[in-house]
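Notebook open, structure loading. I want to go through charged pairs, cysteines and greasy surface, in that order.

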Amino acid sequence: MMLSLSSLFSLSRGLVVALALGLAGPALAQGTVLEKLLPQVAAADLVPGADGFGPLRDDLAVAPLMAGNKPLGWAFVTTDFVGTTGYSGKPIHVIVALDPAGKVIGARLLKHSEPIVLVGIPEAKVQALVASYIGVDLPKAAADKDAAHDLQIISGATVTVMVIDDSILRSGIKVARALGLGGLSAEVAQGPKAEINLAATAPEGWLSMLGDGTVRRLSLDVGQVNEAFAALSDPRAAQRPLAEPPQTAFVDLHMALVSVPAIGRAVLGEAEAANLQAWLKPGESAVAIAANGLYSFKGSGYVRGGIFDRIVLVQDDVTVRFHDREHRRLVSIGAKGAPGFAESDLFKIPADLGFDPAKPFRLQLLVHRPVGATEKVFTTFDLGYQLPSGYLKPVVAPAPAAAPVEETAAQADLWRSIWAGKRLEIAVTGAMLTVLTLVFFFQSAVTRNARAFFWFRMSFLTVTLVFLGFYANAQLSVVNLMALFGALTTSFSWQAFLLDPLTFILWFAVAAALLFWGRGAYCGWLCPFGALQEITNRIARALRVPQWTLPWGLNERLWPIKYMIFLGLFGVSLGSIEHAEHLAEIEPFKTAIILKFVRVWPFVAYAAALLMAGLFVERFYCRYLCPLGAALAIPARLRMFDWLKRYHDCGNPCQVCAHDCPVQAIHPTGEINPNECVTCLHCQVLYQSHARCPVVIRQDKRRAAVAPASAPRDLRNHPHTPH
């Protein structure tokens, strides 16, 4: 097929946008989340005795809950009112019903993508947690969330539970205020009663700052913590007290609002305070937290990309949970007389959360205690903070209301901060793509030494598996491509897929590689599951596991299976993207790469069976079942160049490359099938082999025959040349 240069550029640009669109995931239908999800809910399942929902309000994403002609209350979905992003990076949708007194009369988990619920934690347990909010008095929660409801942590799902708790309470309070339930009324936007006095100065020395409240302290000893757990309703908490002496320091926690310039300079020192101000964007605040003692406020289970689940900052109905992108380590505290701390860190408070540094707030410390092999109980301790009056100045007249932060701007700030927090991952991925591009451009030189190239390829695949797969979870999926068609029918925003830097970079690279080399650049080098198959097969070969070469006719007839799977998934996605996502479990990527085989046994058995087949037939899944490979193979014939070199003898009579191709992508007639080739470059190694390629061997023999014939002539011309 001949394409004009302008057509190729148009195609490449469209392909990049199309693949990028697939990353955005299925967008909700026009309207609110409630409008889309409400048909999936039976009113009686939400509130016993209810028999239906009334029409949705035009001004608020709520629907009346009815029993005949009698209204029982109002139903809403948390996602319509507050951010509910869980550990998966996707929203956790919970439907809640409130009565006229502002009490929760129904709550049910509707939809989530939390992987932790797939790892041995039954969804029924999470549903029971959500149902425990029935009876919560939201007017009471508006005044004191902790007094309104006891947070029940599910061991192993701390982040998920905290997001659910935060979203139910905050969204419920917002709805109750908007509807005037339980005596609550909508808050009138007013200017602050006080603002930060930039001319204020802080007292000198650590003890002076502790004395006037610039720095606040929470000191707990082992005895106090044991008493707190003994007071819980779960008797198991008191049966495992800490064994240290009661006066032993459990945690000695200090906190200061260092985004106030005077406090920042006094606590951190001039240089670190200047670095802090450069880190903060307009409207953002920051606290410094430092501690000693047996208990870490950060926790040993904290991992890069996660949430600090032992601390949460609370101000009225604003709850701040700190992610790694909002965190910086402090080497030391710069204040005079400050003690040494085992832990000292800075935490940023984003501007769009509504935090007011002039108002009181508190830091809540979550403390856990194991009560079984896998079970824990939890209790909390609060450290209150209020800026001393010297740092504030009254506002005489209400300041004009600030323009609301646009959602697009907020999303832009979010993805930029995520990219800034993943500099290392981005740099390593960029380096891998650069190396791979150089390999493809200079493939003749790279494949000249067969042994060196083999170990280079194995090393590259190992990095792909360990770094891109197990560490960064950058495994592409056919779900991304199916989501493209849902995104094409709705509004599209670049920010939606920029939230995952490595996935965005890889899809962009795949789009470019399809035009230059076909699908093999990803399937053969950058797919973590493909790397896992090839590495395990190489180990099997080393252990002398027999390798099965399928007859060419059978191999050729098995190829279409993956295309039929892809077309089937695509057809289902046109009707229901959610159903298609479930069927896409035919991809073992989530089980083997994302969840690292920590999943219920049928999924593990399926992934293990595919890998087992791959021990005997190299890349068995890639060859015959992978819908992603099929989807990428469709545009493979539109590539602009044929990079793989061939001789006229290839296929007729020589069959060396065809027999040695790891995925049997070379026809007996010698042509390489671009739809099946994974660009492993093994045929290019053979192309230059002096021991395997008949053409090269013939050329070597001719050179050897010519060399002796030329030697006598040289001797006759130079009779005195020494031997």
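Which residue does Asp234 form a salt bridge with, and how far apart are the closest N and O atoms? I looked it up: the partner is Arg236, and the closest N and O atoms sit 2.9 Å apart. Note to self: this is a predicted model. I also checked the cover on Arg236, which is partly exposed because its relative accessible area is 30%.

Entry on the other salt bridges. My count for the structure comes to 19 salt bridges. I picked out Glu204 and Lys336, whose closest N and O atoms are 2.6 Å apart. That pair links distant parts of the chain, with the two positions 132 residues apart. Glu204 is in the loop between β6 (194-196) and α8 (206-212), while Lys336 is in the loop between β12 (327-329) and β13 (343-349). Glu204 has 56% relative accessibility, so I put it down as exposed. Lys336 comes out at 58%, so it counts as exposed too.

Next I pulled up Asp382 and Arg362. They form a salt bridge with the closest N and O atoms 3.1 Å apart. Here the link runs from strand β15 (residues 376-385), which holds Asp382, to strand β14 (residues 361-370), which holds Arg362, and the two are 20 residues apart. Is Arg362 buried or exposed? Arg362 is buried, because its relative accessible area is 17% and the cut-off for buried is under 20%. Asp382 is at 36%, so it counts as partly exposed.

I also noted a network of salt bridges that links Arg457, Glu534 and Arg619.

Entry on cysteines. How many disulfides does the structure hold? I got 0. For Cys657 the nearest cysteine sulfur is that of Cys650, 5.4 Å away, and Cys657 is in no disulfide. The cut-off is 2.5 Å between sulfur atoms, so a pair at 5.4 Å doesn't make the list. Cys657 is buried, given its relative accessible area of 13%. I then tried Cys683: no disulfide there, with the sulfur of Cys657 as its nearest cysteine sulfur at 5.8 Å. Cys683 has 11% relative accessibility, so I logged it as buried.

Last entry, greasy surface. Which residues make the nonpolar surface patch of about 320 Å²? I find Leu438, Phe441 and Phe442. Phe441 belongs to helix α13 (residues 423-441). With 42% relative accessibility, Phe441 goes down as partly exposed.

Conventions: Residues numbered from 1 in each chain as written. Predicted model: local features only at pLDDT ≥ 70, side-chain atom pairs only at ≥ 80, totals over all residues. Heavy atoms only, no water. Patch = residues over 30% accessible without salt bridge, like charges linked within 9 Å, V, L, I, M, F, W, Y side chains within 5 Å. Areas by Shrake-Rupley, 256 points an atom, 1.4 Å probe, with all protein chains shown as cover. Salt bridge = Lys/Arg side-chain N within 4 Å of Asp/Glu carboxyl O. Helix = DSSP H or I, 4+ residues; strand = E, 2+ residues; numbered from the N terminus. Buried < 20%, exposed > 50% of the residue type's maximum accessible area, 1.4 Å probe, protein only.
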